[in-house]
Amino acid sequence: MKVQKKLLVGVLAAFAGAGCSSGGDGNGAIAGTDLVVKGMVSSAGTDGTSGMPLADAQVQLTIDADGDGKIAASERVTATADEAGNYEIGAKVQKGQNVVVSFSEEGYAPIFRRVVAGPKAEMVLNVALASLEPLECEGARCAMEGNRLSIKGLREGLAGSARVFNPVTETHLFPGGFDDSDGNLLISGVFSAVQLQDESGAELHQLEEDVELRMQMPQDTWPVIVDLQPDNDRIDIPLYAFDEAKGTWVRHAKDGWLEDGSGGIIPESELASIRGGTWTGVIIATGEVNHFSYWNVDWPVESHGCIEGLIRDPDGEIAEGATVTASGRTYTGTSASQTTGDDGRFALDVMRSEGSDDVDQDGTPGETHRIALRVVHGGKVYDAGEFDAPVEPGSDGENCGDVGIIELGPEKELVAGVCSLHGTIVDEQGQPLEGVGVYAWDDTVPDEVEMALCGEFYENCQYWASTDMDGAWQASAAVMDLVTVWGMHSWESDDGVSHLRYGNTSRLGCPPDAITVRLTEGWDTFELTLTVGEGQIAWSPAVNASQIYVVDAGGVPKWIVSTDGENDPGFPSPVTYGTTPAGAVVVWPTDGSAPAPLASGDTVQVASYRFGATGIWNWAIGSYVVP
């Protein structure tokens with residue numbers, strides 16, 4: 001369980017001794033401590049495992065003081081998290097400066113947070129870093145398992161790791177805010193982190209030539225897909241790269257397009273079925289890029305709204321140095337944070353409510369959008385309430401809807417408590433699932449607080465639950481600011497196929513309403529039945545194969561054919577032994593000569609791994625020994 005693992009780390013940290021180290025790389029523009037940022041760095045338990053403190057995680061605070069788009073040594077301060085994952089870092093700032101705080105650890109996707117700064121601020125930033133998955137690189141192509149992300153056109157000899165994110169369920173892992181360098185708000189369709197290394201193991205960011213990046217889009221974002229350029233027989237999409245110096249997203253010069261799982265361009269005529277959720281198969285966002293860190297498919301919203309207000313501290317005084325952040329309740333997105341000046345006021349850009357238009361492009365005009373405000377002041381975090389976003393456009397502090405005075409009383413302070421949670425688990429089509437294991441947790445709750453709330457043996461918290469016949473579940477957990485609910489379901493169907501599905505979502509605070517989790521990740525596995533005779537290799541069910549592997553009785557390879565690695569279309573049954581099927585290449589014999597004839601004792605193995613009709617990864621394998 002999460003609490004047990006976190007407790008162990010806490011005990012080890014107590015023996016090791018806690019402490020943070022920080023320091024600037026120079027004595028220039030940001031020396032000093034007007035702005036203090038502190039918190040905890042942990043691993044994101046996005047696969048149902050618990051978040052663990054990341055000792056030695058690197059924290060960096062940067063300010064592009066001279067505006068040249070680069071970070072000099074004098075514009076950087078660094079710190080290292082202690083054994084419990086805690087850190088503290090500070091810098092001297094001027095009102096209105098963009099401050100970027102980055103968090104990194106080897107093997108994890110980095111996180112970036114941008115703050116429009118004001119002096120005398122003490123921010124609390126607790127972040128969870130998601131682990132990266134290795135890229136399988138062969139020739140000029142690197143890909144994640146399941147082809148959820150692939151890169152084509154790389155030079156040979158590279159290695160790397162990556163991760164693909166769902167912006168709806170993993171909003172808290174989004175780098176920066178949901179805005180771009182031109183002041184637009186962003187509606188994200190998918191984002192990914194990629195880290196490449198060259199032959200020497202050094203990080204490789206800039207490429208000499210364009211390569212093709214492919215990212216699988218989650219079903220949650222299909223309804224917001226809009227075609228940028230109608231009447232060219234493909235669905236064009238905008239691509240954004242993350243600028244680490246600015247802490248925001250920058251529009252790529254080249255737009256991308258949508259493909260299916262086999263690499264075919266999806267025509268514009270299919271856009272209605274995609275947005276309506278009736279499209280079967282996967283949707284791959286594809287584009288030509290020339291560098292790597294974070295990439296994102298976003299639709300810019302030029303006509304957005306703005307809210308403003310005044311923060312007062314618990315004594316009723318102007319709250320100078322309070323940090324304010326807005327998060328969408330009815331839409332996906334968060335603003336960049338802003339710290340108040342000596343007037344205690346803030347102004348944040350948000351998704352505006354709709355009149356007769358459809359601002360969030362979800363097909364439903366006239367929606368009233370709501371936002372939730374979080375305020376950090378004096379080292380404490382406050383839930384400042386929910387508000388309706390204005391209908392009138394506004395931006396950068398102009399024409400903002402005024403939410404009035406926000407009093408930071410004890411009743412608004414975020415304090416951990418045992419939260420009762422409930423909801424429904426559904427499958428890819430939205431149908432409820434029975435017998436799903438559900439796990440809920442909040443990594444923002446300190447270990448000692450969690451134990452005090454849940455009991456020495458956590459008997460007061462029901463972290464685990466199982467859904468009933470209607471897909472409903474109930475659980476309880478120690479919650480303060482961000483609860484994650486994860487579900488996993490496995491079963492075997494009558495046709496012998498083993499199925500596994502999982503998914504997760506995160507919500508602010510202790511949500512009173514039902515939480516629905518859609519299980520859209522996973523795979524299906526089944527066995528292939530092989531027949532070999534008269535020089536032909538056949539298998540059933542009739543799925544396209546990815547590889548045929550033939551070895552003699554001593555295990556020495558005789559014939560190996562595999563798909564060509566481009567878009568993995570596979571090849572159908574049957575296959576004539578020694579004849580390369582269309583869509584495959586010969587791996588053995590390496591010189592391309594004819595293999596030795598089939599003989600008694602030879603083992604023939606056929607494997608298939610590709611997306612099924614519903615977009616789930618299918619694994620199938622079968623073996624046959626020649627009599």
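1. Let me start with Glu-386, which is partly exposed in this predicted model, at a relative accessible area of 37%. Its salt-bridge partner is Arg-370, with the closest N and O atoms 3.3 Å apart. The two residues belong to distant parts of the chain: Arg-370 lies in strand E28 (residues 370-377) and Glu-386 in strand E29 (residues 380-388), 16 residues apart. Arg-370 is also partly exposed, because its relative accessibility is 28%, and the buried class stops at under 20%.

2. A second salt bridge worth a look joins Arg-501 to Glu-428, where the closest N and O atoms are 3.0 Å apart. Here 73 residues separate the partners, with Arg-501 in strand E36 (residues 498-508) and Glu-428 in the loop between strand E31 (417-426) and strand E32 (437-441). Both Arg-501 and Glu-428 are buried. Returning to the pair in point 1, Arg-370 and Glu-386 are joined with Arg-329 and Asp-388 into one network by salt bridges that share partners.

3. Arg-251 and Asp-255 give you a further example, their side chains meeting in a salt bridge at 3.1 Å, N to O. Arg-251 is partly exposed, with 32% relative accessible area, and Asp-255 falls in the partly exposed class at 22%. For the whole structure, the search finds 25 salt bridges.

4. Now to the aromatic residues, for which the count comes to 18 pairs. Tyr-87 and Phe-103 form an edge-to-face pair, because their ring planes stand at 70°, with the centres 5.4 Å apart. Tyr-87 sits in strand E5 (residues 86-91) and Phe-103 in strand E6, 16 residues apart. Both Tyr-87 and Phe-103 are buried.

5. Phe-174 and Trp-249 make a tilted pair, at 5.4 Å centre to centre and with 40° between the planes. This contact links distant parts of the chain: Phe-174 is in the loop between strand E14 (159-165) and E15, whereas Trp-249 is in strand E20, 75 residues apart. Phe-174 is buried, at 1% relative accessible area, and Trp-249 counts as buried at 0%. Ring pairs also place Phe-174 and Trp-249 in a cluster with Phe-112, Phe-165, Phe-178, Phe-191, Phe-242 and Tyr-294.

6. Do have a look at the second largest pocket, whose volume is about 950 Å³. Its lining counts 41 residues, and those nearest the centre are Pro-110, Phe-112, His-205, Glu-244 and Ser-293. Phe-112 is thus a residue to view twice, since the aromatic cluster includes Phe-112 as well. By class, the lining holds 18 nonpolar, 15 polar and eight charged residues.

7. Which strand gives the most to the lining of this second largest pocket? The answer is E15, with five residues. Several strands each supply at least two residues, among them strand E3 (58-63), strand E6 (98-104), strand E20 (248-251) and strand E23 (294-301).

8. Finally, the strands include an open sheet of seven, in the order E11-E12-E13-E17-E22-E21-E18 and with antiparallel pairing. Strand E11 (136-138) and strand E18 (236-237) form the edges, each pairing on one side only. Within the sheet, strand E21 (residues 256-259) and strand E22 (residues 284-291) pair in the antiparallel sense over three bridges. If you would like a place to begin inspecting that pairing, Trp-257 stands opposite Thr-286 in E22.

Key: Residues numbered from 1 in each chain as written. Predicted model: local features only at pLDDT ≥ 70, side-chain atom pairs only at ≥ 80, totals over all residues. Heavy atoms only, no water. Salt bridge = Lys/Arg side-chain N within 4 Å of Asp/Glu carboxyl O. Buried < 20%, exposed > 50% of the residue type's maximum accessible area, 1.4 Å probe, protein only. Helix = DSSP H or I, 4+ residues; strand = E, 2+ residues; numbered from the N terminus. 1 Å grid on protein atoms, 1.4 Å probe; cavity = no way out; pocket = protein on both sides within 12 Å on 5 of 7 lines; lining within 4 Å. Points joined across faces, edges and corners; volume = space filled by probe spheres on them. Nonpolar A, V, L, I, M, F, W, Y, C, P; charged D, E, K, R; others polar. Pairing = 2+ DSSP bridges. Phe/Tyr/Trp six-rings, centres within 6.5 Å; stacked < 30°, edge-to-face > 60°.
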